[in-house]
Amino acid sequence: MKQQDSFGTLCSRLGVKFLCPYCQSESIVKSGKNCNGKQRYQCKYCHKRFITDYTYKAYLPDTDSKIIQLTKEGLGIRSTARVLGISVTTLLKRILQIASNIKQPPIL
């Protein structure tokens, strides 16, 4: 099954079956091609760009949630990188990025 098939309902304007991976909107338009020649799309609702079939697994939209889940389960850095199919360096950068977005609770 192609990843494009798992995105959602049929977008009537393009005749292609997928939703925006960020906001789940059906308002999708073509937005050029990337350096590898793959078709890019832009969501008209959240204005984010994406492609439907990523070559490198670290760019998939659900990678951050998988990193969080595997870290909570107690997997190590190298184990998590091996399971997700990404490099250890990329995993460490993503963990730091995720950690910087966490807000500290107020001290009372």
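This note goes through the predicted model point by point, from the overall fold to single residues.

1. **Overall layout.** The protein has three helices and five strands. Their order from the N terminus is β-β-β-β-β-α-α-α. Of the 108 residues in the protein, 30% are buried. Among the contacts with a separation of 6 or more, 27% join residues 24 or more positions apart.

2. **Helix α2 against helix α3.** Two packed helices are described by the angle between their axes and the distance between the axes. Helix α2 covers residues 77–84 and helix α3 covers residues 88–100. They pack at about 105 degrees, and their axes are 9 Å apart. The angle makes α2 roughly perpendicular to α3, because values from 65 to 115 degrees fall in that class. On the α2 side, the contact uses Ile 77, Arg 78, Thr 80 and Ala 81. On the α3 side, it uses Val 88, Leu 91, Leu 92 and Ile 95. By class, this contact has six nonpolar residues, one polar and one charged.

3. **Ile 77, on the α2 side.** Ile 77 belongs to helix α2. Is Ile 77 buried or exposed? Neither label fits: Ile 77 is partly exposed, with a relative accessible area of 33%. The cut-offs explain the label, because buried means under 20% and exposed means over 50%. Not counting residues up to four places away in sequence, Ile 77 touches Val 88, Leu 91, Leu 92 and Ile 95. Those four residues are also the α3 side of the helix contact. Ile 77 and Val 88 are 11 residues apart along the chain, and their C-alpha atoms are separated by 6.8 Å.

4. **Helix α1 against helix α3.** Helix α1 runs over residues 63–72. It packs on α3 at an angle of about 90 degrees, with the axes 11 Å apart. So α1 is roughly perpendicular to α3. From α1, the contact takes Thr 63, Asp 64, Ile 67 and Ile 68. From α3, it takes Leu 91, Arg 94, Ile 95 and Ile 98. These residues divide into five nonpolar, one polar and two charged.

5. **Thr 63, on the α1 side.** Thr 63 is found in helix α1. Thr 63 counts as buried, because its relative accessibility is 5%. Which residues does Thr 63 contact, leaving aside neighbours within four places in sequence? They are Lys 57, Ala 58 and Arg 94. Arg 94 is one of the α3 residues in the contact with α1.

6. **Ile 95, listed in both contacts.** Ile 95 lies in helix α3. It appears in the contact of α2 with α3 and in the contact of α1 with α3. Leaving aside neighbours within four places in sequence, Ile 95 is in contact with Ile 67 and Ile 77. Ile 67 is on the α1 side, and Ile 77 is on the α2 side. Ile 95 and Ile 67 are 28 residues apart along the chain, with 7.6 Å between their C-alpha atoms. Ile 95 is still partly exposed, with a relative accessible area of 26%.

7. **Aromatic rings.** How many aromatic pairs does a search of the whole structure find? It finds one. The pair is Tyr 41 with Phe 50. Its geometry is tilted: the ring centres are 6.2 Å apart and the planes are at 35 degrees. Tyr 41 and Phe 50 are both buried. A separate ring feature involves Tyr 22: Lys 48 lies over its face, at 4.8 Å from the ring centre.

8. **Backbone values to check.** Most residues other than glycine have a negative phi, and most peptide bonds are trans. Gln 24 is not a glycine, yet its phi is positive, at about 65 degrees. Gln 24 sits in the loop between β2 (16–17) and β3 (28–33). Gln 24 is partly exposed, because its relative accessibility is 48%. His 47 also has a positive phi, near 65 degrees. His 47 is in the loop between β4 (39–43) and β5 (49–50). At 55% relative accessibility, His 47 counts as exposed.

Definitions and conventions
Residues are numbered from 1 along each chain as its sequence is written. This is a predicted model: local features need pLDDT of at least 70, side-chain atom pairs count only at pLDDT 80 or more; totals for chains, interfaces and linings use all residues. Side-chain values use heavy atoms; hydrogens and water are left out. Axes are lines fitted to C-alpha atoms, for helices over the stretch in contact, and angles run from 0 to 180 degrees between N-to-C directions. Helices (H or I, at least four residues) and strands (E, at least two) are DSSP runs, numbered from the N terminus. Angles under 35 degrees count as roughly parallel, over 145 as roughly antiparallel, 65 to 115 as roughly perpendicular and the rest as oblique. Contact means heavy atoms within 4.5 Å. Ala, Val, Leu, Ile, Met, Phe, Trp, Tyr, Cys and Pro count as nonpolar, Asp, Glu, Lys and Arg as charged, and the others, Gly among them, as polar. Rings of Phe, Tyr and Trp (its six-membered ring) pair if their centres lie within 6.5 Å; planes under 30 degrees apart count as stacked, over 60 as edge-to-face and the rest as tilted. Buried means under 20% relative accessible area, exposed over 50%, partly exposed in between (1.4 Å probe, protein chains only). A charge sits over a ring if NZ of Lys or CZ of Arg is within 6 Å of the ring centre and within 35 degrees of the ring normal.
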